[in-house]
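Visitor: I'd like to learn how to read a model like this one. Can we go through it together?

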Amino acid sequence: MSILVTPNTRVLVQGITGSFGARHTQLSLEYGTQIVAGVTPGKGGQMFDPKVPIFDTVAEAMQETGATASAVFVPPAYAADAILEGVDAGLDLVVCITEGIPINDMVKVKRAMAGRKTRLIGPNCPGIVTPGAGEDSRGGCRIGIAPGYIHKQGHIGVVSRSGTLTYEAVWQLTCRGAGQSTAVGIGGDPVNGLTHLDVIKLFEADPETHGIIMIGEIGGSAEEEAADWIRRNARKPVAGFIAGATAPPGRRMGHAGAIVSGGKGTAAAKIAAFKAAGIGVAPTPSDMADTLLKMM
Amino acid sequence: MNTHEYQARQLLGQRMVAQPAWEVCETPDAARAIAAQLLADGATIIAIKSQIHAGGRGKGTFKSGFQGGVRICKTAEDVYEKAHAMLGNVLVTRQTGPEGRLVRKLIIALAPDIRKELYLAVLLDRELSRPVVITSTEGGMDIEEVAARTPEKIIKEPIDPALGMMPYQARKLALALGLKGDLIAQAVKVLLGVYKTWWECDASLVEINPLCIVRTREGNEALLAVDAKLSLDDNALYRHPDLQAMRDLAEEAPLETEAGKFNLNYIQLDGNIACLVNGAGLAMATMDIIQHFGGRPANFLDVGGGASQEQVAAAFRIILQDPNVKGILVNIFGGIMDCNVIASGIVAAVKETGLSLPLVVRLEGNNVQAGNRTLAAAGLTIIRADTMAEAARKVVQAVATG
């Protein structure tokens, strides 16, 4: 019915008492997400909004509430530590929203996560939404900062590096009556958790996902790796879009990872890889949903 | 953030990376004095190197007509004259664009007797999520060309971040570079020092090109870093006040610096359709769709996920300082942020700046009806669009007929 999270997933929020974390926790609660705990060291014993208990540690919050996933809204200097606390406590999923984490901190996090069961989404990402059955898709699981109401429960998987470009794709689908199984924003940093390929494999294995939109951008080679796997293995239709065809080489386009360097990571190479894999390439970002729906 | 060569050399020197004797200066008199000292210490040839962030300095030309941002001299007087010709003048290279860069500092260095040029760099391997040390026997050349033409001459050693670079890895690379005898120990010291610089400074790139085998006055061989380039991870600057102090605003585009003050991410391009977008991916996609419909984007501008009215106003002021701009496209997907707040910001900015250029606005998302009503009620000639494609078509058309 979805990947990574379901409407029943019990979620804790690291950094629940910060203004950004608090605001989005509130929105997730209104959406109907099972936010069962908050974690802010030193504020254990307090309550959030007045039903969500706050704990000093992730381990304690998991033990007391049965949470299995977390949203990280911790400032950049402390975010790597917060992610690893979640890994150490044995969470199934950590979703790190924080933007601006030093790249070497993430290099260390990735090294420390090797061989552990926890999956990481992000950092510098909008998070994950599995839409619910209610009005404006309420009753779903929203971890992060995506607008819940643009979603609709259904059978299209969406994976993207970019936040607002994910919303654009989801909204195009919803406006055409095509709902989503899960939408995942994997983040715009050069070192991150789940890759396009990791998420594509999950969608491919999910019986409730019937088609996939994959949105990429310049920088790195994650899109090419995913395309290569799709060419050899995928049975479901995949449509895609690559942002940054007009970006000048050597310049970082907002996202820390969005840079063409040494002639690598160009939009042209990624689009060529998509085409070679039979992925439907949307000619403009306005055509992402139509390109996929025509293939189904 | 990029640094100057002299700053990179300082940071490398602090970590025991051997270099020919050098000093930095800001006046021709100081240049002469440094050269005189180097000559007195036994140097026979002196290199003068203009300090700007762009590459291609050696083949660059000053606007005064003086050739070469890097020159070789044999006397202190010659150093004085060439320093005089460089300092306070604008150097144009293949990387600066026609406007060039003002030279305000010079490196005065001993020019060693070079026997062989090698290449050394440390950067992030995105596929591995680890640092990687890259070396090649083909130094002194464009490494991208070497990689394209003779990939077998690029030697890579990934580093486990939990261990750091181990001496055996440095020895492995030294042998792969064909070094022998005493040069192996010297190479280990250089390699470990360069890796340490990369890690401790939170660099995104450290590059030594060329790393040279030189012949010393005593007739021995030595391994010295003859050039240095260092770029830093902006995300990590907060924990390096010493590196922050190395930022040279004169090397950055003024509008991009101005945008940074308002937490706006702005990159100037050479087209004539400005865009103002929320989110980096959507901002790139907006540039792409302008080009798709036959226009040329004037900039990348991401106002961020939670743009305020003040930020929108600042964004308009910055866009309009680019004299090439003939039309503006605003593309906002207000997921959580209120489209009406953005609409009010646009109306205020248009009134404040007295905008006379065509403006196409596409709002989508939260409270979009109220936002569109605000735009319509303002009595301004704002062209509205419902989709990105419609907005791009309209702005391209407006600029073409404008």
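Visitor: Which residue just after α6(B) takes a positive phi?

Guide: Keep in mind that this is a predicted model. The residue is Asp202(B), with a phi of about 50°.

Visitor: And the helix before that, what should its 19 residues span, at 1.5 Å a residue?

Guide: Helix α6 of chain B, residues 182-200, should span 27 Å, and its end C-alpha atoms are 27 Å apart, so the two agree.

Visitor: Which residues of α6(B) are buried?

Guide: Among them are Ala187(B), Val188(B), Leu191(B), Tyr195(B), Lys196(B) and Trp198(B). The cover over the buried residues of α6(B) includes α1, α5, β8, β9, β11 and β12 of chain B.

Visitor: Now chain A. How do I read burial along a helix there?

Guide: Start with the general idea: an α-helix has 3.6 residues a turn, so residues three or four places apart point the same way. In α6 of chain A (residues 196-205), the buried ones are His196(A), Val199(A), Ile200(A), Leu202(A) and Phe203(A). Looking down the axis of α6(A), you find these buried residues within an arc of 160°, so they line one face of the helix.

Visitor: What do the buried residues of α6(A) pack against?

Guide: They pack against three strands, β10, β11 and β12, and against helix α7, in chain A.

Visitor: How many residues does each chain give to the contact?

Guide: Chain B gives 44 residues and chain A gives 47. On the chain B side, α9(B) supplies the largest share, 11 residues. By class, that side of chain B has 22 nonpolar, 13 polar and 9 charged residues.

How values were computed: Residues are numbered from 1 along each chain as its sequence is written. Chains are lettered from A and ligands numbered from 1 in the order in which they are written. This is a predicted model: local features need pLDDT of at least 70, side-chain atom pairs count only at pLDDT 80 or more; totals for chains, interfaces and linings use all residues. Helices (H or I, at least four residues) and strands (E, at least two) are DSSP runs, numbered from the N terminus. The expected span of a helix is 1.5 Å times one less than its number of residues. A residue is buried if 20 or more other C-beta atoms lie within 10 Å of its own, exposed if 12 or fewer, and partly exposed in between; C-beta atoms are placed from the backbone. Two residues are in contact if their C-beta atoms, placed from the backbone, lie within 7 Å. Ala, Val, Leu, Ile, Met, Phe, Trp, Tyr, Cys and Pro count as nonpolar, Asp, Glu, Lys and Arg as charged, and the others, Gly among them, as polar. The arc is that of the directions from the helix axis to the C-beta atoms.
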